Amino acid sequence: LSDEVSTTLRTIPGVRVYSDTVACTPDVAQAVARLLGVAVPKRYRDVTVPTTAPTTGPKLFPWQAEAVNALVADRKRALVHATGSGKTGTLLAAADRLKLDGPAPVLIVTKSMGRAVFARDVAWAAPGRRIANLIGEGPGESSVEESRRFNRILYRYQLRGSDCLAVVSVEAAICSGAWAVVVPWETLHVHATDLAKRSWALLIADEAHMGRGRKAQRTAALIGKVSVTPEKRLVKKPGLASLCARCWMATATLVADRARDVFAPLKLIAPEAFPYYWPFAKRYAAAVPNIHGGLDDKRDDEVPAEVKAELKERIAYWCHVVTKDAIQAHLPAKRREVVYVEYDGSPLEPVRDVSTLERALADAAEVKSRLLVEDAATALESGSKVILVGARRQWVPKMFARISRAIGDIAKQCWLRWTHGEESLSSRQAMADEYMAWTGPALLVATYKSVGTSINLHDTDELMWGALPVTVEDAVQMEGRVQRVGG
């Protein structure tokens with residue numbers, strides 16, 4: 001809003017203007033124009049927006065309905081469902097079922113790119129509810145670029161700006177009458193002080209694997225921190241979870257590769273069962289003190305099988321687990337059949353000479369690259385949409401250039417892009433939207449870290465791995481981009 005409009009609004013009795021509310025959508029602009037009796041700005045004049053919020057309740061799949069009942073009855077406190085199964089909608093439907101009252105009773109923590117999913121799903125999973133999204137790098141620090149990107153999200157999903165706000169302070173979010181406040185994992189520790197000034201009826205931690213780093217600032221802001229003084233006294237600093245009557249979480253990959261990964265998520269939902277890390281690590285990770293005064297908690301191979309089974313049983317007690325096969329059993333046949341293809345390659349002969357080994361490794365890498373280029377070019381020539389992912393940033397533009405040269409004049413008919421982690425979240429989200437909207441042959445070359453979470457790429461014919469991830473979690477998350485409900 002311009003300074004002139006803001007000044008005029010402040011003169012109206014009963015109207016309070018928050019200058020940190022930076023998102024202006026067509027319905028907001030039209031309402032302000034009617035209030036002041038002035039003409040609607042041209043860029044908002046001919047834009048059609050919904051006049052009323054959706055009133056129909058959510059239609060849930062069987063596994064979602066079961067999960068909602070378990071969460072509401074407090075039999076389960078976490079969703080460990082396969083990627084693309086609709087966890088966001090399930091959480092919102094369960095929260096709506098609780099009938100929570102008061103200003104902003106729900107606090108949602110998710111990835112920055114995941115806020116678009118909540119903006120979309122709240123319209124059908126919790127119809128009539130208003131959510132406020134915290135944007136910017138910190139309290140009171142607005143971001144014009146992020147605000148504009150958020151507005152584009154509202155346009156894409158046909159949402160009303162008055163039902164899905166973008167603000168840069170907790171105070172404005174609460175006073176706006178919002179039902180839920182959404183804060184990104186990336187800036188949670190920045191907003192933690194303001195968020196801790198009140199209690200919350202429900203905390204939802206989406207993409208909970210983002211908070212498994214026990215010593216990370218965002219994890220400490222959520223579950224608290226326990227430190228030891230020089231006098232050997234325990235000092236507890238409570239987190240936001242202690243201010244919440246209920247805590248739920250959702251993730252598709254609870255364990256990355258070690259037992260220590262699950263402690264922070266489990267403490268979030270069940271602090272009474274998992275109060276301290278040392279007893280947990282000693283039993284389930286065979287942890288022992290190291291020479292530096294810390295813990296060696298990477299000894300999972302020395303944990304007995306019966307103890308590992310015990311941990312799985314405890315996880316199953318708190319978590320509602322749904323596998324990909326269980327989901328597919330309730331869905332119609334997909335548009336595409338998933339087929340896993342493995343390239344054949346002869347193993348390298350063992351060599352002792354370093355120079356010979358280096359040449360052999362270089363030759364093997366070139367053979368793999370040549371196969372990837374040929375396969376991608378063939379797929380594009382047949383009109384397919386292809387995603388090629390690797391691990392290193394330097395590899396991405398080189399492979400993109402080789403494939404572009406290989407397809408020749410066909411490139412004029414294709415959508416061709418590459419990306420890696422140096423691009424902003426908004427750029428990668430816009431690229432994903434373009435890819436999904438394109439109906440012809442398309443090629444996206446990227447690192448699996450840059451496009452492996454929080455975006456949908458299920459309109460894909462072929463996913464090719466240029467390099468396998470270090471952990472299974474990254475592979476599961478990346479495959480989840482192309483294998484989703486409705487894909």
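This report describes a cavity, a surface patch, a glycine contact and several salt bridges in a predicted model.

## An enclosed cavity and its lining

Two cavities of 30 Å³ or more are counted in the model, and the second largest cavity has a volume of about 40 Å³. Its lining is made up of W185, A205, A208, G211, L222, I223, A264, P265 and L268, which by class amounts to eight nonpolar residues, one polar residue and no charged residues. Because Gly is counted among the polar residues and Trp, Ala, Leu, Ile and Pro among the nonpolar ones, the polar member of this lining is G211.

Two helices, α10 (217-223) and α11 (263-269), each supply at least two residues of the lining of the second largest cavity. Of the elements that contribute, α11 gives the most, with three residues.

## A nonpolar patch and a glycine contact

On the surface, V226, V228, L234 and Y276 make a nonpolar patch of about 350 Å². Y276 is placed in the loop between α11 and α12 (277-284), and its relative accessible area of 32% makes this tyrosine partly exposed. Since patch members need over 30% relative accessible area, the 32% of Y276 satisfies that condition.

G239 is found in the loop between β8 (234-237) and β9 (244-251), and with a relative accessibility of 9% this glycine counts as buried, because the class covers residues under 20%. The C-alpha atom of G239 is separated by 3.8 Å from that of G224, although the two residues are 15 residues apart along the chain.

## Salt bridge between R77 and E272

A search of the whole structure finds ten salt bridges. One of them joins the side chains of R77 and E272, with an N to O distance of 3.1 Å. R77 lies in the loop between α4 (62-72) and β1 (78-81), whereas E272 lies in the loop between α11 and α12, so the pair ties together parts that are 195 residues apart in sequence.

The two partners fall into separate accessibility classes: R77, at 17% relative accessibility, counts as buried, while E272, at 52%, counts as exposed. The loop that holds E272 is also the one in which Y276 of the nonpolar patch is placed.

## Salt bridges of E310 with R283 and E434 with R417

E310 forms a salt bridge with R283, and the closest N and O atoms of this pair are 2.6 Å apart. Here E310 belongs to helix α13 (residues 305-318) and R283 to helix α12, so the contact ties together parts that are 27 residues apart in sequence. Both side chains belong to partly exposed residues, with relative accessibilities of 26% for E310 and 41% for R283.

E434 forms a salt bridge with R417, for which the closest N and O atoms are 3.4 Å apart. This pair links distant parts of the chain, with E434 in helix α17 (residues 425-437) and R417 in strand β14 (residues 415-419), 17 residues apart. E434 is partly exposed, with a relative accessible area of 39%, and R417 is likewise partly exposed, with a relative accessible area of 29%.

Beyond individual pairs, salt bridges that share partners join D74, R77 and E272 into one network.

Notes: Residues are numbered from 1 along each chain as its sequence is written. This is a predicted model: local features need pLDDT of at least 70, side-chain atom pairs count only at pLDDT 80 or more; totals for chains, interfaces and linings use all residues. Side-chain values use heavy atoms; hydrogens and water are left out. On a 1 Å grid over the protein atoms alone, a cavity is a set of points where a 1.4 Å probe fits but cannot get out, and a pocket is an open set with protein on both sides within 12 Å along at least five of seven lines; lining residues have an atom within 4 Å of a point. Grid points are joined across faces, edges and corners, and a volume is the space filled by probe spheres set on the points. Helices (H or I, at least four residues) and strands (E, at least two) are DSSP runs, numbered from the N terminus. Patches are made of residues with over 30% relative accessible area and no salt bridge: like charges are joined within 9 Å, nonpolar side chains (Val, Leu, Ile, Met, Phe, Trp, Tyr) within 5 Å. Accessible areas come from the Shrake-Rupley method with a 1.4 Å probe; for residues, only the protein chains shown count as cover. A salt bridge is a side-chain nitrogen of Lys or Arg within 4 Å of a carboxyl oxygen of Asp or Glu. Buried means under 20% relative accessible area, exposed over 50%, partly exposed in between (1.4 Å probe, protein chains only).
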